[in-house]
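Please look over the sequence and the three-dimensional structure shown below before reading on. The report then takes up a few features one at a time.

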Amino acid sequence: TFLFSHIVQQSVPSLRRAAAAPEATRAALSGALAACCALYLLLGCLAASYFGPDTAPLVTLNFELFTGGAPAGTARPLWARVVAGWVTLLPLLTTTAAFPLFNGVLAANLVHALPPKLATPTVAAALCALPPLLLTGAVTDTTFLFQLCGLSGFAIVFFVPAALQHASLRASVARWGEAGRDTPHSTCFSGARPVLAVVALGGAAFAQNAWTLLLRPLLASLVGAAPGL
């Protein structure tokens with residue numbers, strides 16, 4: 001969540017450009033993201049320590065049977081049912097609210113890659129919105145759906161930034177020569193080696209998650225469907 005928020009937050013570039021002191025925004029954003037990361041870690045640790053092995057992959061599902069302290073065998077109070085419903089539906093509400101924002105950003109980038117006859121904002125928005133809406137209609141496991149969406153995060157967090165850094169470095173060198181390798185914005189992560197390291201780390205993490213989420217269950221189902229093997 002920390003890495004994903006740091007790289008994908010659409011408001012950061014606009015905020016930095018509009019700030020009276022752009023150089024001061026790095027500390028503010030880093031502090032905000034660090035606080036967000038700490039809160040997520042605290043929530044995860046508390047949930048795991050309280051629910052133990054019964055912790056659901058999507059932790060809000062653990063609140064589905066929240067009783068509000070009502071004795072066993074008695075009806076839950078209304079406020080407990082409201083809290084349970086709100087917490088359980090929260091991921092759905094937040095994801096649904098963010099969908100138009102992400103879809104608009106993706107469509108704004110896709111429209112430039114479409115053929116001239118199709119290069120309209122409406123067509124680009126439809127091409128971005130319809131596939132996930134139609135595919136999620138065939139998936140009934142909410143936990144699996146969120147995990148499947150998480151696989152795309154590897155491209156956004158690891159592969160795309162690494163590719164952009166590599167392309168930026170090549171463009172800078174092509175324009176300024178060897179002096180373009182060291183710009184006012186260069187850091188210790190601006191060279192070719194960090195790019196390769198990020199791609200390698202992202203590739204390994206993606207392979208492990210793809211194996212756990214997709215390939216291993218698929219292999220198990222194939223083996224189970226062929227009892228002679």
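What follows describes a predicted model, beginning with its surface and going on to a pair of helices and a pair of charged side chains.

On the surface, Leu 148, Trp 211, Leu 214, Leu 215, Leu 219 and Val 223 together make a nonpolar patch of about 500 Å². Helix α7, which spans residues 192-225, supplies the largest share of this patch, namely 5 residues. Trp 211 is found in helix α7, and its relative accessible area of 38% makes it partly exposed, because a value between 20% and 50% is counted in that way.

Turning to the packing of helices, α4 (residues 78-110) and α5 (residues 121-136) lie with their axes 8 Å apart and pack at an angle of about 130°. This angle makes α4 oblique to α5, and the crossing in which α4 passes α5 is right-handed.

The last feature concerns charge. Side chains of opposite charge can pair when their charged atoms come close. A search of the whole structure finds 1 salt bridge, and it is formed by Glu 178 with Arg 181, whose closest N and O atoms are 2.8 Å apart. The table sets out how accessible each partner is.

| Residue | Relative accessible area | Class |
|---|---|---|
| Glu 178 | 57% | exposed |
| Arg 181 | 45% | partly exposed |

Glu 178 is classed as exposed because its relative accessible area of 57% lies over the cut-off of 50%, whereas Arg 181, at 45%, counts as partly exposed.

Definitions and conventions. Residues are numbered from 1 along each chain as its sequence is written. This is a predicted model: local features need pLDDT of at least 70, side-chain atom pairs count only at pLDDT 80 or more; totals for chains, interfaces and linings use all residues. Side-chain values use heavy atoms; hydrogens and water are left out. Patches are made of residues with over 30% relative accessible area and no salt bridge: like charges are joined within 9 Å, nonpolar side chains (Val, Leu, Ile, Met, Phe, Trp, Tyr) within 5 Å. Accessible areas come from the Shrake-Rupley method with a 1.4 Å probe; for residues, only the protein chains shown count as cover. A salt bridge is a side-chain nitrogen of Lys or Arg within 4 Å of a carboxyl oxygen of Asp or Glu. Helices (H or I, at least four residues) and strands (E, at least two) are DSSP runs, numbered from the N terminus. Buried means under 20% relative accessible area, exposed over 50%, partly exposed in between (1.4 Å probe, protein chains only). Axes are lines fitted to C-alpha atoms, for helices over the stretch in contact, and angles run from 0 to 180 degrees between N-to-C directions. Angles under 35 degrees count as roughly parallel, over 145 as roughly antiparallel, 65 to 115 as roughly perpendicular and the rest as oblique. A crossing is left-handed if the near helix is turned anticlockwise from the far one by less than a right angle, and right-handed if clockwise.
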